[in-house]
Each structure stands twice: as C-alpha cells, then as structure tokens.
Amino acid sequence: MKLIISNRSGVPIYEQIKEQIKAAIFSNELKEDDILPSIRQLARDLKISVITTTRAYTDLEQEGFIVNMQGKGCYILPRNKEIARENALHKIENAISTAITAAKNEGITQEEIIERIHLLWETKYDE
C-alpha cells in the first residue's frame, strides 16, 4: 500500500492517511490481520511528524479499523459489515448525484433515470 499525501489539499495530513488506509481496507488491498507500518516508520517514509501518524492510527483504532498491539504493531481488524455497507452507500450516493446533475443538465427526467436503473439492475446485475 502506497500512501500519497499533499500539503496543498486543505485536508489535514492525518485525515489523508486515515482515508487512504480506509480505502485500502474497503477495496481489500488491506485485509484482516495485515500489519501496518510502524508509526515511526510511516512518519519517516512520508517525511512527517510522528504525532501526525499517531493521530491517524489512533483515530483508525477508535473507529474500529485497526488494533494497536503494544510492542507488536498495528493490525487490520475484520471488516465491520455495517461500516462497509455505509461506505458503499456513500459511494453510490456520490455516483447517483453525478448522474442526476448530468440528467438535469440534459433535460432527462427522473422517470427516465429510474427506468434506466431498473433496466440495468435487471439485465446486468440480476442473479
């Protein structure tokens, strides 16, 4: 897993780290029991403060994504199905929002969009 941080994004660095680790967990790039780099190692790799990486890891632990085992490191916890579902719903809402904006810009009605969703659901994703 490669983390990319930006000092210009306006998002705090610890938040960028958290969000990228969460994204790696949701995409299964990071799996249960995978070990994360140590707080000090991550700080060295990203050339940032240990305090910043500590904040990111502490937040991830409080949110139930990782566990810090004293002297052993930070490990990925089993995926919380409810958190994963909420993340998926958030992504879906963003995609639908983009589709609605495009539809409104082109004069496409709500009924036409709903019809397309039903059609796609039935033809591509029905089991």
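**A nonpolar pocket, a hairpin and an aromatic pair**

By class, the residues lining the largest pocket comprise seven nonpolar ones, with no polar and no charged residues among them. The model that shows this is a predicted one, and the pocket itself encloses about 160 Å³ of space. Its lining is made up of I92, A95, I96, A99, I100, I113 and I117. Two helices, α4 (81–105) and α5 (110–124), each supply at least two residues of that lining, and α4 gives the most, with five residues.

Ahead of these helices in the numbering, the chain forms a hairpin. Strand β1 (residues 66–69) and strand β2 (residues 73–76) run antiparallel and are joined by four bridges; within this pairing, N68 has C74 of β2 as its bridge partner. Three residues lie between the two strands, and in this hairpin G71 adopts a positive phi near 80°.

The structure also holds one aromatic pair. It is formed by F26 and F65, whose rings meet edge-to-face, with 5.8 Å from centre to centre and 90° between the planes. Because F26 belongs to helix α1 (residues 13–26) while F65 sits in the loop between α3 (50–62) and β1, the pair ties together parts that are 39 residues apart in sequence. Both partners, F26 and F65, are buried.

A further contact with an aromatic ring involves a charged side chain: R55 lies over the face of Y14, at 3.9 Å from the ring centre.

How values were computed: Residues are numbered from 1 along each chain as its sequence is written. This is a predicted model: local features need pLDDT of at least 70, side-chain atom pairs count only at pLDDT 80 or more; totals for chains, interfaces and linings use all residues. Side-chain values use heavy atoms; hydrogens and water are left out. Two strands pair if DSSP finds at least two bridges between them. On a 1 Å grid over the protein atoms alone, a cavity is a set of points where a 1.4 Å probe fits but cannot get out, and a pocket is an open set with protein on both sides within 12 Å along at least five of seven lines; lining residues have an atom within 4 Å of a point. Grid points are joined across faces, edges and corners, and a volume is the space filled by probe spheres set on the points. Ala, Val, Leu, Ile, Met, Phe, Trp, Tyr, Cys and Pro count as nonpolar, Asp, Glu, Lys and Arg as charged, and the others, Gly among them, as polar. Rings of Phe, Tyr and Trp (its six-membered ring) pair if their centres lie within 6.5 Å; planes under 30 degrees apart count as stacked, over 60 as edge-to-face and the rest as tilted. Buried means under 20% relative accessible area, exposed over 50%, partly exposed in between (1.4 Å probe, protein chains only). A charge sits over a ring if NZ of Lys or CZ of Arg is within 6 Å of the ring centre and within 35 degrees of the ring normal.
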